[in-house]
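Visitor: I am new to this structure and would like to know how its labels are earned. Could you walk me through some of them?

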Amino acid sequence: MPAWPASLPQKQFLGVSEKDDESRLVSAMDAGPALVRNRFTAVPRVISTSIVLTGTQRQTFDTFYRTTLSNGTLSFTWTEPVADAAATFRFKSNPEWQCIVSSSTPANRIWKATLSLEILP
């Protein structure tokens, strides 16, 4: 399984948000309260975080995302923010990029990426 590239930031957890993915199925009844049950027992956790990358690091990330992970369809290992332990991640959606420092040279531009990830059980 691929690992998060060592040349990219490893623990940028400031501003990270985390929640369990929805695992409940709610069924309306003809009368009385709705029936609520688990759809599954292994619940992925959803992580949203931002990372700041140089232009060179952005190229590394793009290669990792597009080539190594087949446009984000494959899972990878990285450090999860709660226990600082290795975990299996997968992209929940495509990264969103914002150029925060412009430059005439692509390598000198600074990029902010917003990532939506799943931590797989």
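**How the labels are earned**

Guide: Gladly! In this predicted model, aspartate 62 has a relative accessibility of 14% and therefore counts as buried.

Visitor: Why is aspartate 62 called buried?

Guide: Buried means under 20% relative accessible area, and aspartate 62 is at 14%, so the label fits.

Visitor: And what makes arginine 66 partly exposed?

Guide: Partly exposed lies between the cut-offs of 20% and 50%. Arginine 66 has 49% relative accessibility, so it counts as partly exposed.

Visitor: How do you know that aspartate 62 forms a salt bridge with arginine 66?

Guide: The rule asks for a side-chain nitrogen of Lys or Arg within 4 Å of a carboxyl oxygen of Asp or Glu. Here the closest N and O atoms are 3.8 Å apart, which meets that rule. Both residues lie in helix α1, four residues apart, about one turn of the helix.

Visitor: What makes arginine 58 and aspartate 62 a salt bridge?

Guide: Their closest N and O atoms are 3.2 Å apart, so the 4 Å limit is met again. Being four residues apart in helix α1, they are separated by about one helical turn.

Visitor: Which residue forms a salt bridge with lysine 11?

Guide: Aspartate 84 does, with the closest N and O atoms 3.5 Å apart. This pair links distant parts of the chain, 73 residues apart: lysine 11 is in the segment before β1, and aspartate 84 is in the loop between β5 and β6.

Visitor: Why is aspartate 84 called partly exposed?

Guide: Its relative accessible area is 44%, and partly exposed covers values between 20% and 50%, so the name follows.

Key
Residues numbered from 1 in each chain as written. Predicted model: local features only at pLDDT ≥ 70, side-chain atom pairs only at ≥ 80, totals over all residues. Heavy atoms only, no water. Helix = DSSP H or I, 4+ residues; strand = E, 2+ residues; numbered from the N terminus. Buried < 20%, exposed > 50% of the residue type's maximum accessible area, 1.4 Å probe, protein only.
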